[in-house]
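Hi everyone, thanks for making time for this one. I'd like to walk you through a single model, from its overall layout to a few local details. Let me put it on the screen.

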Amino acid sequence: MSNSHLFMKSGFPRAPLQNGLGRYVCQLQRITLKFCKNNGSSKGMRDFIENHLVDFAKENPGIVVYVKPRRHRTPVLVGEYLNGDREWMSCRNSTEADITKWVDLLKTQNGSSSSLRLRKMWHTDVPSIQGPWTPFLLRAPETHGQAYPSVDASKPLDAPQTATEKLIELFRQQQLETEDVLSQKRAE
């Protein structure tokens, strides 16, 4: 196992606050297309700029598009998002269709969340005001001072009465009734 994950940015999985509840706000703020005018590895980027860039800019007026020609360099897409993240993508020897797909991917993301090392599987912005859960949280207050192991505490709460316990209870009721009858005869 490599330790390359230690150099990744860490954080929590999250979405832009309430994005989609009302009006959708595209998180891509600006996109920069860097390319070489002569290099063969930039052919797909040049074709994208000539054929599809104007249509993309018209369809997405909220995204600022920069075109930056550079000599003897490989083509690069750089997306900058509202949360300050920058996504850098090499487009060396990519076709026009590939670059169209990469631009659409940058448009639909909300930052470099794919290269984020998750610190926890869950996260909440509003923690509970009730405090942490403990096994004794919903117990009666009398049980807090009880000595353990306890016979009463180890019994299940919803266990039905056994046949032996029923017979013992009937026997005790019968004894109480006979004592009542004997005490009434003595009183007469």
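One term before we start: strands here are DSSP runs of E with at least two residues, numbered from the N terminus. With that in hand, K34 sits in strand β2, and we'll come back to K34 shortly. Please keep in mind that this is a predicted model.

Let's take the overall layout. The protein chain has 5 helices and 6 strands. Read from the N terminus, the order is β-β-α-α-β-β-β-α-β-α-α. Of its 188 residues, 22% count as buried. If you look at contacts with a separation of 6 or more, 71% of them join residues 24 or more positions apart.

Now to the interior. Which residues have the most contacts inside the largest nonpolar core? They are I31, L33, M45, L77, I99, V103 and L106, in a core of 17 residues. At least two core residues come from each of β2 (28–35), α1 (43–51), α2 (53–59), β4 (76–81) and α3 (96–108). Strand β2 gives the largest share, with 4 residues.

I'd like to stay with α3 for a moment. This helix has 13 residues and spans 19 Å from first C-alpha to last, close to the 18 Å expected at 1.5 Å a residue. Buried in α3 are I99, V103 and L106. Why do these three belong to the same side of α3? Because they cover an arc of only 60° around the axis. As a reminder, an α-helix has 3.6 residues a turn, so residues three or four places apart point the same way. Over on the other side of α3, K101 and T108 are exposed.

What covers the buried residues of α3? The cover includes β2, α1, α2, β4 and β5 (86–90). To take one of those buried residues, I99 touches G44, M45, F48, L77, C91 and S94, leaving out residues up to four places away in sequence.

Back to K34, as promised. This lysine is buried, yet K34 has no salt bridge. The nearest side chain of opposite charge belongs to E80, and that is 7.6 Å away. So what does K34 contact, apart from neighbours within four places in sequence? The list is M45, K68, R70, T74, P75, V76 and V78. You may recall M45 from the core, where M45 is among the residues with the most contacts.

Finally, some backbone details. Most residues other than glycine have a negative phi, and most peptide bonds are trans. Here are some places to look at with that in mind.

H72 has a positive phi of about 55° and is not a glycine. You'll find H72 in the loop between β3 (64–69) and β4. Is H72 buried or exposed? H72 counts as exposed, because its relative accessibility is 69%, and the cut-off for exposed is over 50%.

N93 also has a positive phi, near 60°, and is again a residue other than glycine. N93 is in the loop between β5 and α3, and N93 is exposed, with a relative accessible area of 56%.

The last stop is a peptide bond. From Y148 to P149 the bond is cis, with omega near 5°. P149 lies in the loop between β6 (116–118) and α4 (151–154).

That's my tour. Thanks for listening, and I'm happy to go back to any of these spots on the screen.

Terms used. Residues numbered from 1 in each chain as written. Predicted model: local features only at pLDDT ≥ 70, side-chain atom pairs only at ≥ 80, totals over all residues. Heavy atoms only, no water. Core = buried A, V, L, I, M, F, W, Y, C linked by side-chain atoms within 4.5 Å. Buried < 20%, exposed > 50% of the residue type's maximum accessible area, 1.4 Å probe, protein only. Contact = heavy atoms within 4.5 Å. Expected span 1.5 Å × (residues − 1). Arc of directions from axis to C-beta. Lys, Arg positive; Asp, Glu negative; His and termini not counted. Salt bridge = Lys/Arg side-chain N within 4 Å of Asp/Glu carboxyl O.
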